[in-house]
Amino acid sequence: MTLDEVVRYHQETKHHFNRYARSLGRLDWANQPDPFRRYAGSSLIALPRLKAGDTPLYEDLYRPGAIASEPVTDRTISRFFEYSLAITAWKQAGEARWALRANPSSGNLHPTEGYLLIDGIAGFSTEPGLYHYAAKEHALELRAQWPREKFTALLKAFPPHAFLIGFSSVIWREAWKYGERAFRYCQHDAGHAIASARIAARTLGWRMLLLDGTSDDTVAALLGTDRPGDFESAEREHPDCLAVVWPADQGAGTAEGMPQQLPLSLSMDAVSDLTQLTWHGKANRLSHGDSVHWENIDRAERATWKSSTEEKSVDLAQDDSHAQPIPGAGNPPQSAYPGQPTAGQIIRQRRSALAFDGETAISSASFFAMLARVLPSADCDLCKRPMPWDVLPWEPAIHLALFVHRVDGLAPGVYMLVRDPRATDPLRRATHPHYAWTPPPGCPEDLPLYLLEEGNARQMAAQLSCHQDIAADGAFSLGMIAEFDASLARHGPWFYRRLFWETGVIGQVLYLEAEAWGVRATGIGCFFDDPVHRAIGIQDTAFQSLYHFTVGGPVEDPRLTTLAPYDSQD
Ligand SMILES: Cc1cc2nc3c(=O)[nH]c(=O)nc-3n(C[C@H](O)[C@H](O)[C@H](O)COP(=O)(O)O)c2cc1C
């Protein structure tokens, strides 16, 4: 029973006060995986290095209709990868040097690999092809060439100029450090990558939708992760997902013959015959020695494998000018963000805080505004959801249990943000019966935020997050509470991974919001699962906390030097 196996993986990879999830218990530095995959023998095509300027205001990302679509060219594809997966800085401390990227990653191990399936475009190719994104070089590696008629057939149902992106995970990169819990972290990171790509697409006026009806076999076949000969001595990649990206203004409904509906899967006929592809390159080996094998990860991979294809489709709004405005507080008047930063500035400066000052408070207005950004407006059609929630074609299943420490005008204590009003009663029933569930003072009516219990939650927050001070020293921290049993029962065991992806998207939105409001955030994958549940009264698996997060005033580490991401920018 795969559902039982998923639940077993989840239970067995929980951290407990007296026992962490199984891992090697030490770091085998000699075997540390290379964070950069390359395909030897495939041609490397440099993407143009672009100047920093020329990006919309950060707040325009959320203003429907504010960003006109850019054409798909080598320069805009370069920008798309720069803002989603590229290196944004090198850090140096003594002899050690490491890269940080637009997308965060648990332990900075970066298991997520990015792929592009695109028709020939000026600047890098005349043929349709599958490319692997090489982050260190900011370049594309040609993995496979497609006969044009095959590629056209594959994307026939999508708007003009559409292309596909795909993600996969090198699970070993996370398992090297985190052992059995690594499969969870790979899913978090995939969620962050989905969101960073969706937001990068938005800076160019592009839409993006996860092709979530696609089976994992199809994702693997299209990305080439199922080609054992190309991974002979190399650590393999687990296929995560495919998404379609297209210029919004040139989308469906605007011209004759354009689709009104977008399928959530690819035509089986078009993907069934992949034999005409010419493949290039062999994956590099990432560790000197062998990977450590974790039976529980194999089990999770098997149990969450999506073997079904659903031929569902979604209505496609003409462009995003119809998107619902964010409720009340989340739609700040222009220039609400201090200094009116550009989207590019915020994306490039995003960092995880290594420590917080234990002093900085944020205003309740900015707190409400940040929270409003993670509301998916569950009642709306998918196409009318605010960015980036239009990328995930499922009903929201994650809610936020917040530990408020320093928000001006709000009592410190435990709060709940219910991202889908249908979950309010089940959450009330599942948590402590004495919780108050009162709207906090000044909270916009359309922000479903509730005060559960006043009190100083700092010590508890740190204790629950593996004794990490970052959960106590910020303005607020939180646990992302999933509708666990019901989601798995409704969709199937493969949805386990989606629950984590949704938490990653929430995390990415909050990372950028924190920067835009002049503070900083950090994702927290290390927390004691059941003690968190007990702290808020959850006694079974109807709801489970999957990811923690913290926001506050950062303390910089003066020992670190920051270096430019790439040698030269045009
Ligand atoms: C899923 C996830 C879990 C994380 N867990 C922790 C954590 O428990 N503690 C911590 O200090 N940082 C944590 N981080 C922050 C990462 O260490 C950080 O993203 C990584 O070092 C890259 O740095 P950057 O975010 O500045 O690019 C986490 C990040 C992610 C995405």
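Contact here means heavy atoms within 4.5 Å. The exercises below concern a predicted model.

**Exercise 1. Describe how helix H14 packs against helix H15, and state which residues of the two helices meet.**

Solution.
Step 1. Two packed helices are described by the angle between their axes and the distance between the axes.
Step 2. Helix H14 covers residues 484-491 and helix H15 covers residues 495-516; their axes come within 9 Å and cross at roughly 130 degrees. Therefore H14 is oblique to H15, and the crossing is right-handed.
Step 3. On the H14 side the meeting residues are Phe484, Ser487, Leu488 and His491, and on the H15 side they are Phe495, Tyr496 and Leu499.
Step 4. Sorted by class, this contact of H14 with H15 has five nonpolar residues, two polar ones and no charged ones.

**Exercise 2. Decide whether the radius of gyration of the protein chain agrees with that of a compact globule, and describe the chain as a whole.**

Solution.
Step 1. A compact globule with 570 residues would have a radius of gyration near 25 Å; the protein chain has 22 Å, so the value agrees.
Step 2. Along the principal axes, the C-alpha atoms of the protein chain fill a box of roughly 65 × 55 × 50 Å.
Step 3. The protein chain has 16 helices and 23 strands, and 62% of its 570 residues count as buried.
Step 4. Consider contacts in the protein chain between residues at least 6 apart in sequence: 81% of them join residues at least 24 apart.

**Exercise 3. Determine how far helices H8 and H6 are covered, and identify the elements against which the buried residues of H8 pack.**

Solution.
Step 1. A residue is buried when its relative accessible area is under 20%.
Step 2. In helix H8 (residues 295-303), seven of the nine residues are buried, so H8 is largely enclosed by the rest of the structure. These residues are Asn296, Ile297, Asp298, Arg299, Ala300, Glu301 and Ala303.
Step 3. The buried residues of H8 pack against helices H1 (2-12), H4 (171-178) and H5 (182-203), and against strand S10 (238-247).
Step 4. Helix H6 (residues 216-223) is mostly covered, with seven of its eight residues buried: Asp216, Thr218, Val219, Ala220, Ala221, Leu222 and Leu223.
Step 5. Gly224 follows H6 and has a positive phi, near 80 degrees.

**Exercise 4. Place Ala134 in the structure and state whether Ala134 is buried or exposed.**

Solution.
Step 1. Ala134 belongs to strand S6 (residues 129-134).
Step 2. The relative accessibility of Ala134 is 1%, so this residue counts as buried.
Step 3. Apart from neighbours within four places in sequence, Ala134 is in contact with Arg38, Leu44, Ala139 and Glu141.
Step 4. Ala134 and Ala521 are separated by 387 residues in sequence and by 27 Å in space, C-alpha to C-alpha.

**Exercise 5. Examine the backbone at Asn108, His110 and Pro388, and locate each residue.**

Solution.
Step 1. Asn108 lies in the loop between strand S4 (96-101) and strand S5 (112-118). The phi of Asn108 is near 55 degrees, a positive value in a residue other than glycine.
Step 2. The loop between S4 and S5 also holds His110, whose phi is positive, near 50 degrees.
Step 3. Asn108, at 24% relative accessibility, counts as partly exposed, whereas His110, at 3%, counts as buried.
Step 4. Pro388 is in the loop between helix H10 (364-373) and strand S16 (398-404). The peptide bond from Met387 to Pro388 is cis, with omega near 0 degrees.

How values were computed
Residues are numbered from 1 along each chain as its sequence is written. This is a predicted model: local features need pLDDT of at least 70, side-chain atom pairs count only at pLDDT 80 or more; totals for chains, interfaces and linings use all residues. Side-chain values use heavy atoms; hydrogens and water are left out. Axes are lines fitted to C-alpha atoms, for helices over the stretch in contact, and angles run from 0 to 180 degrees between N-to-C directions. Helices (H or I, at least four residues) and strands (E, at least two) are DSSP runs, numbered from the N terminus. Angles under 35 degrees count as roughly parallel, over 145 as roughly antiparallel, 65 to 115 as roughly perpendicular and the rest as oblique. A crossing is left-handed if the near helix is turned anticlockwise from the far one by less than a right angle, and right-handed if clockwise. Ala, Val, Leu, Ile, Met, Phe, Trp, Tyr, Cys and Pro count as nonpolar, Asp, Glu, Lys and Arg as charged, and the others, Gly among them, as polar. The radius of gyration is taken over C-alpha atoms; the globule rule is 2.2 Å times the number of residues to the power 0.38. Buried means under 20% relative accessible area, exposed over 50%, partly exposed in between (1.4 Å probe, protein chains only).
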